[in-house]
Amino acid sequence: MATLKEIAEAANVSVATVSRVLNDDPSLSVKAQTRQKILEAAERLEYKLSPSKRNATHRMTFAALFTYRQGLEIDDPYYLSMRYGIETQCEKLGVTLISGYDFTGDKPLPAADGFLVIGQPQTALHTQLSQQSSPVVFIDGVMEDAQFDCVNVDLFKISQKVIDFFIGQGYSRIGFIGGRDLPEFADQREQAFVEYGRLKNVVQPQDIYYGDFTSQSGYQCAKKMLQENTPFPPALLIATDTIALGVTRALLEHGVKIPEQIALISVNDIPTARFVFPSLSTVRIHSETMGAQAVNLLTERLRDERSVPLSVFVPSSLQLRDTTRR
């Protein structure tokens with residue numbers, strides 16, 4: 001491969017001028033004829049920029065691949081906030097962003113310098129991404145993969161935090177209402193709740209209910225609990241605020257007093273959580289920050305040519321409101 005010095009000699013200019021032209025330095029004032037001579041010499045001598053230099057001047061394009069249907073952002077603003085964080089940070093860094101929904105691995109990947117994958121990918125998409133060379137950051141998805149960066153929240157720690165809070169308030173029996181993407185696979189909140197709850201001797205199998213991640217599912221799960229489980233558990237961890245909205249509606253319709261007869265803590269702290277009646281005690285997940293940090297990781301990996309994958313965990317905090325005793 002040709003050197004800058006060889007190109008400079010072929011074009012009869014300085015090495016510094018060659019370097020600035022090839023790196024598209026916007027502050028350089030040079031005649032079009034001179035620029036053309038340098039580019040022709042570089043082409044003739046098969047000069048190629050190193051990846052790090054190319055990334056320094058190239059406006060990067062990221063593709064955000066959402067593994068779910070777009071309507072889920074209406075049902076669960078957690079993902080809407082995550083998308084907003086991605087878009088805002090890309091705009092701040094001057095990154096071109098293209099987006100697509102329902103990515104399951106059954107359609108071609110868009111052309112991009114790097115990929116942001118939002119949500120847990122199906123096996124086909126994970127395989128598809130593994131077979132291409134551009135870097136990938138998973139958000140709220142795959143962890144501990146030898147190839148990919150990940151940005152997540154520690155859902156195991158969240159479940160433990162809620163159980164410890166309820167135990168501290170004197171509850172000895174705690175139930176769970178959650179959702180599953182696939183009926184046979186419990187998500188991390190449910191797994192952690194069962195494991196830690198059994199360790200603390202506060203969880204019983206009949207107190208665990210799940211459907212999907214909609215408020216209607218929460219409503220149906222709560223009705224089932226009230227019909228089948230007497231007495232019902234006096235405290236509940238609910239996987240998301242959206243599910244909790246349906247749960248509280250069912251409880252109030254049946255005359256159950258919150259938090260006097262049953263205390264509730266959900267997860268996400270969506271904007272409506274503080275305005276509904278009763279206002280939701282919930283674990284705040286900074287999903288907008290998760291989106292922004294994923295963009296930062298992808299930018300840094302391309303810029304520095306980092307090969308070691310990183311996992312970033314964004315912290316959470318308990319927000320106590322009207323569905324718990326204080």
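**View 1. Strand β5 pairs with β11 in this predicted model****.** Three bridges link β5, residues 149-152, to β11. The two strands run parallel. At residue level, N152 faces F313 of β11.

**View 2. The open sheet has six strands****.** Their order is β2-β1-β3-β4-β5-β11. Pairing in the sheet is parallel. The edges belong to β2, residues 96-100, and β11, residues 311-313. Each edge strand has a single partner, so one of its sides has no neighbour in the sheet. From one strand to the next, the twist averages 15°.

**View 3. Helix α12 lies across five named strands of the sheet: β1, β3, β4, β5 and β11****.** The helix covers residues 287-304. Among the strands it lies across are β1 (61-66), β3 (114-118) and β4 (136-139). Relative to β5, α12 runs at about 165°.

**View 4. N152 sits in strand β5 and is buried****.** Its relative accessible area is 4%. That value is under the 20% cut-off, so N152 counts as buried. Across the strand pair, N152 stands opposite F313 in β11.

**View 5. The N152 side chain makes polar contacts with the backbone nitrogens of D140 and G141****.** Which distance separates the N152 side chain from the backbone nitrogen of G141? It is 3.2 Å. For the backbone nitrogen of D140, the distance from the N152 side chain is 3.4 Å. The residue making these contacts belongs to β5.

How values were computed: Residues numbered from 1 in each chain as written. Predicted model: local features only at pLDDT ≥ 70, side-chain atom pairs only at ≥ 80, totals over all residues. Heavy atoms only, no water. Pairing = 2+ DSSP bridges. Helix = DSSP H or I, 4+ residues; strand = E, 2+ residues; numbered from the N terminus. Axes fitted to C-alpha atoms, helices over the stretch in contact; angles between N-to-C directions. Contact = heavy atoms within 4.5 Å. Buried < 20%, exposed > 50% of the residue type's maximum accessible area, 1.4 Å probe, protein only. Polar contact = N/O pair within 3.5 Å; in protein donor to acceptor, adjacent residues only side chain to side chain.
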